[in-house]
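Okay, thanks for coming, everyone. Let me put the structure up and then walk you through a few places in it.

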Amino acid sequence: MYRFYITVLFCLISTGLIAQSPKGIITGKLTDSTGKQPLSLATVAVFNAKDTTLITYRLSDPQGFFKVPGIPLNDSCRIIITHAGSEAYRRNFLLSGIQPQLDLGTIKLSPDARLMEEVLVVAERPPVIVRKDTIEFNAEAFKTLPSALVEDLLRKLPGVEVDAQGNITVNGRKVNKLYVDGKEFFGSDPQMATKNLPANIIDKIQVTDDKEQMNQNPDLPKGQIGQVINLKLKKAIKKGWFGKAYAGAGTDKRYEAGGIFNLFRDTLQVSLLGYTNNINRPGFGMNDIMSTGGFNRSGINSMMVMSDGGFALNNISFGGTGQGIQHSTGAGFNMNNQLGKKVTLNLQYFYGQVKSDIHQLNNRQQFFNDTSMTTRNENNEHTTNNVHRIGGFIKWEVDSLSAIEFRPTVSIKTAHGQSNIHYNTYSNYEPLLNESDNEERRKNNTTEFSQLISYNKKFRKGGRTLYMSGTFRLSGNNDHQYNDAENIFYTNQQQVSTMLNQLRNRNLGNTSLDFWANYNEPVSKKLSLQFNESFNFFRNKDEVKTFDDTNNSNKYNELNDALSNGLNRNGWRSNTRAALKYSHKSFSISPGINYQLLNIDNRFQKNPSIAQQFNYILPSLQINISSLNIGYNVNASEPQVDDLQPVENNTNPLFITRGNPLLKPSINHSLNVQTYKYNMKSNINYNLYIYGVISNNAIIRERTVDKNGVQYTAPVNANGIWEMQGGGGINKQFKFNKDWKFSLGSSMWGRYNRGLIIINSIRTNTQNLNLNPGINVSFNWNDKFEFRQNYAVGWTRSRYANDALPGLEITTHNSGSELIIRMPKHWVWETSLDYRYNPQVAEGIQKSIYRWNAALNFLFLKDDKGQLKLSAFDLLNQNTSIYRTVTDNYINDVETTVLKRYFMLTFTYNIRNFGGKVGGRERLFLF
């Protein structure tokens with residue numbers, strides 16, 4: 001399979017290269033009218049002189065030089081050079097085999113105050129124009145398929161990247177918002193327009209910095225400031241509707257069905273969706289839920305993404321978020337309405353349900369001196385989760401300089417499940433230390449209410465800004481956990497049995513009020529003052545009551561006082577920061593001082609109350625040198641409520657946890673370095689980041705393992721814990737001609753940690769090193785043939801200062817291949833092969849996995865609105881989920897049963913007058 005892919009790839013590349021005829025080159029230098037100032041980022045475009053079609057283009061470098069290759073010989077051509085604020089330069093020329101190069105020498109451009117649109121005819125408009133802080137692309141210069149969407153058009157633009165999930169970056173910086181003719185289109189979510197508007201209605205694409213984000217945080221480094229895209233239309237969109245519906249059935253009783261519909265009429269925008277399936281896949285992809293489903297319009301408080309495509313937003317699972325076999329169902333609506341010119345209203349409701357069937361094998365091997373102890377468990381679990389969420393926002397543009405926003409949300413979650421777990425523990429000296437059969441039943445109810453109000457104020461004095469926000473949260477959680485366990489311990493050739501029949505009730509209540517303000521005051525052109533104030537009030541309740549059922553009557557009414565306790569924690573924290581920022585050209589430095597206060601009162605039902613008061617004076621520093629950003633910060637964070645509760649949790653009789661009410665806040669010194677760069681001339685994009693933190697009073701877990709193999713753990717404070725991690729990537733695009741595109745990229749992620757292990761009174765420092773290099777290749781021929789290949793290796797090593805704990809090391813390999821062919825017309829062929837290899841997993845766990853998927857698509861009906869797809873999942877019937885990790889002094893292997901081979905036939909109907917490219921890996925959306 002791999003040889004076939006590679007052979008096809010290189011044959012096509014070779015064919016394309018051979019087919020190309022010799023090309024010519026034109027060079028020159030651009031200056032202003034005086035000849036002293038070079039003109040950078042001017043657009044040098046070459047057109048066919050007969051039909052004015054664009055042949056190629058380049059931008060001038062910082063010294064004003066330009067070099068335009070790829071010009072056909074023996075064809076009459078026209079060069080047009082444009083620069084914002086300067087007159088256009090035109091010249092016809094002809095290159096030949098005898099004279100394949102033309103040097104235009106130094107070209108002086110005279111000033112011109114007229115708009116470029118007033119000077120150039122439509123056919124002569126340059127493909128790219130750079131105006132101060134705005135980059136403008138001419139959509140007509142970038143050819144796409146007739147059925148292409150805006151997303152496909154963006155992929156053609158230099159410096160613009162659109163990943164598999166539809167996230168957009170421009171010159172390495174994330175796109176936060178996308179407007180249509182300067183107005184929000186279904187909110188500010190970029191993917192709403194990119195995945196639904198056709199490319200052939202776009203006239204221009206304008207890219208600028210996110211000024212709203214800059215107002216909220218003026219000290220934000222340039223590399224972290226998002227981008228805003230504005231789509232200028234050929235004709236205004238006034239009203240319309242679009243969407244999609246699908247249904248499919250397959251072998252092994254697999255099924256899927258759903259629909260998503262959208263209506264926009266002037267300022268009213270409505271989205272409706274519903275889905276159900278049992279194929280471990282979200283009913284809709286994250287892109288569709290966030291864009292077409294409108295989640296970005298009402299805000300995201302939490303997000304979880306799984307490697308196989310499942311995800312959850314705001315604690316609502318859309319499928320694929322757990323393990324095992326899942327049944328996912330959901331429905332909801334989203335409404336966005338512009339009330340007049342200044343007020344925007346959004347309302348949203350979603351319901352989601354996920355039923356999971358899990359079979360999991362876990363193997364944990366620990367090492368002490370010459371002894372290795374292995375704990376193995378097999379789990380069969382069935383769970384059901386339901387979530388209701390109501391949310392929305394009101395945004396009021398008070399005037400041109402200020403805005404107020406209010407966002408309330410309510411969520412209600414219920415969960416129940418049952419699991420049967422069998423444990424056994426053995427060592428290299430003892431064939432069996434213990435066994436346990438634990439039947440667990442659980443019911444959980446969670447209710448949460450939150451509201452956020454923010455005020456953003458700009459002033460007529462440049463650089464002066466004010467941003468304030470306040471958030472109120474109220475939540476309650478009621479958890480009921482029943483455990484019926486039989487435990488057998490083998491010591492001194494004797495067998496001792498114990499029984500556990502108990503109910504553990506835990507009630508959590510949390511109330512918090514947060515306030516944050518940022519004010520920026522310019523003192524001069526180079527100096528500015530910055531003030532930040534944050535205040536948080538919190539009230540936490542954690543009540544644990546444990547009941548025994550000694551008579552096996554299923555009544556659980558005997559209070560176990562030793563395993564019951566309660567904690568009420570009230571407190572507040574504040575952080576005041578003042579900084580002075582000096583800026584000169586591309587350099588800025590901002591030293592600051594933080595004054596942080598912590599006041600906490602911990603009141604226990606059975607233990608003495610503990611009052612804690614802390615105050616810190618902490619430094620901060622931010623340095624920006626062009627695209628290089630360096631930041632240093634110190635902060636204090638208090639322990640979580642879970643770590644303070646001084647009562648044992650014995651629901652797993654072989655692994656018992658307990659809190660520590662004497663924990664202190666941890667002090668964290670962090671250093672952050674990052675840089676990014678996009679070279680428009682060579683089409684190379686790279687980024688690099690390094691993050692390091694040193695923690696004192698860090699919270700780690702102390703463990704004790706007794707002679708029966710039972711483990712006890714509790715949190716403790718430790719000093720000198722530090723971690724450094726970093727990563728980076730580089731990507732280069734090659735364009736042989738307008739039809740052939742090749743991309744090559746590589747990445748590296750690494751992490752080094754110096755920690756502390758306390759186990760059975762052994763205290764030893766640890767050194768953990770993780771390295772994850774990767775490489776990716778992609779090839780595209782006119783959107784008719786696409787090939788992608790990626791490979792990554794993971795390497796982990798742990799070393800210990802105490803010889804009692806031997807060093808550990810693991811290696812993993814991951815590879816992914818994808819091939820798409822869109823020929824003949826109306827047919828799309830696609831296949832993908834994923835390979836995972838874990839050479840060092842425990843005995844009985846599968847080492848290597850091949851997952852081969854394939855599909856055949858047929859497009860029909862008017863405008864290809866109908867799609868019939870025959871898909872095959874896991875053709876080799878090898879799919880499984882295997883993970884190996886190294887933590888503390890043990891290696892953990894987990895194998896989980898997942899979906900095996902099945903075949904499915906799905907019909908999709910696109911309810912719109914335009915469609916997008918079909919085919920590609922089913923990452924987060926099925927179609």
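Before we get to a hairpin, one bit of bookkeeping: strands here are DSSP runs of E, at least two residues long, numbered from the N terminus. Two of them pair if DSSP finds at least two bridges between them. And keep in mind that this is a predicted model.

So, the hairpin. β5 and β6 make it, with six residues between the two strands, and G85 in the turn has a positive phi of about 85°. The pairing of β5 with β6 is antiparallel and runs over six bridges. If you want a register marker, look for I81, which sits opposite Y89 in β6.

Now follow β5 to its other partner. Strand β2, residues 43-48, is joined to β5, residues 76-82, by six bridges, and those two are antiparallel as well. The marker on that side is F47, whose bridge partner in β5 is R78.

Put that together and you get an open sheet of four strands, in the order β3-β2-β5-β6, with antiparallel pairing. Which strands stand at the edges? Those are β3, at 54-59, and β6, at 89-94; each has a single partner strand, so one side of each has no neighbour in the sheet. From one strand to the next, the twist averages 20°.

Let's zoom out for a second. There are 927 residues in the protein, and 49% of them count as buried. The secondary structure comes to eight helices and 50 strands, so you can see why I'm leaning on strand numbers. Take the contacts between residues at least 6 apart in sequence: 64% of those join residues at least 24 apart. As for the surface, the protein exposes about 43300 Å², with carbon and sulfur atoms supplying 55% of that.

On to the inside. The largest nonpolar core has 33 residues, and the ones with the most contacts inside it are L154, I202, I205, I229 and L231. Pick L154: beyond its neighbours within four places in sequence, L154 touches V160, V162, I168, T194, I205 and I229. There's also a second, separate core of 19 residues, and I26, V44, L73 and L109 are among them.

Next, a polar residue. N487 is in strand β27, which covers 465-491. Buried or exposed? N487 is buried, at a relative accessible area of 2%. Its side chain makes a polar contact of 2.7 Å with the side chain of S436. Setting aside neighbours within four places, the residues in contact with N487 include E435, V496 and P653.

Last stop: backbone oddities. Most residues other than glycine have a negative phi, and most peptide bonds are trans. Here are some exceptions. M823 and P824 are joined by a cis peptide bond, with omega at about -10°. P824 is in the loop between β44, 808-821, and β45, 827-837. H826 is in the loop between β44 and β45 too. H826 isn't a glycine, yet its phi is positive, about 80°. With a relative accessible area of 32%, H826 is partly exposed.

Then there's D874, another non-glycine with a positive phi, about 55°. You'll find D874 in the loop between β47, 866-873, and β48, 881-887. D874 counts as buried, at 0% relative accessibility.

That's my tour; over to you.

Technical notes
Residues numbered from 1 in each chain as written. Predicted model: local features only at pLDDT ≥ 70, side-chain atom pairs only at ≥ 80, totals over all residues. Heavy atoms only, no water. Axes fitted to C-alpha atoms, helices over the stretch in contact; angles between N-to-C directions. Core = buried A, V, L, I, M, F, W, Y, C linked by side-chain atoms within 4.5 Å. Buried < 20%, exposed > 50% of the residue type's maximum accessible area, 1.4 Å probe, protein only. Contact = heavy atoms within 4.5 Å. Areas by Shrake-Rupley, 256 points an atom, 1.4 Å probe, with all protein chains shown as cover. Polar contact = N/O pair within 3.5 Å; in protein donor to acceptor, adjacent residues only side chain to side chain.
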